[in-house]
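Reader: I'm new to this one and would like a close look at its inside, meaning the buried core and the rings packed around it. Please take it slowly and explain the terms as they come up.

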Amino acid sequence: MKTKTLKANKVSVITLGCSKNLVDSEDLITQLKGNEYEVAHDTVAKDTGIVIINTCGFIDLAKEESINTILKYAQVKSKGGIEKLYVTGCLSQRYKDNLEEEIPEVDAFFGTLELPRLLKTLEADYKYELVGERVLTTPSHFAYLKISEGCNRTCSFCAIPLMRGGHVSKTIEDLVKEATNFAKYGVKELILIAQELTYYGLDIYKKRALPELLRALNSIDGIEWIRLQYAYPSKFPMEIMDAMLELPKVCNYLDIPLQHAADPILLAMKRQITLAQTRQLIHDIRAKVPGIAIRTTFLVGFPGETEEDFEVLCDFVKEMRFERLGVFQYSHEEDTSAFLSEDNIPDEIKAERAQRLMEIQQEISLELNHAKIGKIYKVLIDKKESGFYYGRTEFDSAEVDNEVIIDASSNYCSIGGFVDVLIEDATEYDLIGNVIELNPN
């Protein structure tokens, strides 16, 4: 029996997964607010009537988190804590029929491209005049700019095309409009995201058009940093590096997931590149843009990965000395071509390999950070917590990379503002320093 009054027009949107999902949630929130709904993100008030969960279905851990979250709010609904429960996003796209059968408490499931249908279910209109507008859930000084949807790549381990479909680029005009609106509201950093940045424009302009997009974004007043995430290494267009050199607002930073280094695994992953080609690409990028920070990710425990294959990967990481690195353990995903192979690497071996690789990177990261001591960096301040400011250099993306830590008792910084910081100490993943006043002369 209900013991409280629930508001039918009060909605909470819960976002799970990656930054691309976050953008989808922000689009949903924008449309709901345009229809006079009261909307909160990632919090559920006592009088919230509707909960919408935007799910992730990328790997096993993400699917588990999504299912547990759905079950949590299904239980809340069964006790009268909310009126309606809706589920959208990647997990819903991929497993809609199974989820409907297993969790009947959910009122409706929606796929990744079904925002209009979700709004219609809520008796809300899809307002085309709001396209290009977006209510941000990130701190107000940075925003994710999703430049395309879906992916045409056929990596054998990846289920993203099953959930997001083929590659579809947004137009330069629409993206400039969106970014210009962000700048009006104080956004200083654009983080460009897509399943595959380098493919941008091939569908609508019949050529790779990321450099043209960067030039257009670079001209927007108020935007100071433009960051590139999720590039594909095979046939990488070096014109992107030319644009990075040419355009002052484009950060010397590139997120380019390499996934592996051993040729047999790269071939089995259908990555369309070899170890020798990968090594040459990294050398070429660093030669073109000296001082660039390269973030990459690797996947360990892929079917058939031998100890020799893993050692090749370890040696490659030691040789390349990546500025930023993450490691995933292989997840056996239905309907991918790798699923036809036996998932023959035990979980404990996957975990042990992931740990070994991160220990190698930890030592590299500490050495690279120590080399920054005594140098001055421009830092964007993200937040203040427990007596310290936390910010980032142009070589660090939000939420995944190193932070610069500044003692608030002896420094003053403006959240969302830039300061020059002298680095005085360093750990494996953080820099520690003090704000300095640069001589204007």
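Author: What follows starts with the whole chain, moves into the core and one helix beside it, and then turns to the rings and a few single residues.

First, some ground rules. This is a predicted model, where local features need pLDDT of at least 70 and side-chain atom pairs count only at pLDDT 80 or more, while totals for chains, interfaces and linings use all residues. Residues are numbered from 1 along each chain as its sequence is written, and side-chain values use heavy atoms, with hydrogens and water left out.

Now the overall picture. The protein chain has twelve helices and 18 strands (these are DSSP runs numbered from the N terminus: H or I over at least four residues for helices, E over at least two for strands). Its radius of gyration is 23 Å, close to the 22 Å that the globule rule gives for 441 residues, so the chain is as compact as a globular protein of that length. That radius is taken over C-alpha atoms, and the rule is 2.2 Å times the number of residues to the power 0.38. Along its principal axes, the C-alpha trace spans about 65 × 60 × 45 Å.

How much of the chain is buried? Buried residues make up 54% of the 441, where buried means under 20% relative accessible area, exposed means over 50%, and partly exposed is in between (1.4 Å probe, protein chains only). Contacts reach far along the sequence too: of those with a separation of 6 or more, 74% are between residues 24 or more positions apart. A contact here means heavy atoms within 4.5 Å.

So, into the core. A nonpolar core is a set of buried Ala, Val, Leu, Ile, Met, Phe, Trp, Tyr and Cys residues joined through side-chain atoms within 4.5 Å. The largest one has 57 residues, and I147 and L192 have the most contacts inside it. Helix α11 (residues 307-320) gives the most to this core, with six residues. Apart from it lies another core, of 19 residues, including C251, Y389, F395 and C413.

Take L192 as your way in. Leaving aside neighbours within four places in sequence, its contacts include L145, I147 and I226, along with L210, L213, L214 and L217. Those last four leucines are among the buried residues of helix α7. Helix α7 (residues 210-218) is mostly covered, with seven of its nine residues buried. In general, an α-helix has 3.6 residues a turn, so residues three or four places apart point the same way. The buried residues of α7 pack against β6 (142-146), α6 (172-184), β9 (189-193), β10, α8 (239-246) and β11 (250-255).

Next, the rings. Rings of Phe, Tyr and Trp (its six-membered ring) pair if their centres lie within 6.5 Å; planes under 30 degrees apart count as stacked, over 60 as edge-to-face and the rest as tilted. By this rule there are nine aromatic pairs. One of them, W225 with F418, is edge-to-face, at 5.0 Å centre to centre and 75° between the planes. W225 lies in strand β10 (residues 225-228) and F418 in strand β17 (residues 418-426), so the pair ties together parts 193 residues apart in sequence. W225 is buried, with a relative accessible area of 6%, whereas F418 is partly exposed at 22%. Another pair, F298 and F316, has ring centres 6.4 Å apart and planes at 85°, so this pair is edge-to-face. It links strand β12 (residues 293-300), home of F298, with helix α11, home of F316, 18 residues apart. Both F298 and F316 are buried, and ring pairs link them with F322 into a cluster.

F418 has something else going on: K378 lies over its face, 4.4 Å from the ring centre. K20 does likewise with Y230, at 4.0 Å. A charge sits over a ring if NZ of Lys or CZ of Arg is within 6 Å of the ring centre and within 35 degrees of the ring normal.

Finally, two more buried spots. P303 lies in the loop between β12 and α11, and it counts as buried at 10% relative accessibility. Not counting residues up to four places away in sequence, P303 touches I265, Y330 and H332, among others. K10, found in strand β1 (residues 7-15), is buried as well, with a relative accessible area of 14%. Beyond its sequence neighbours within four places, K10 is in contact with E38, A45, D47, T48, G49 and I50.
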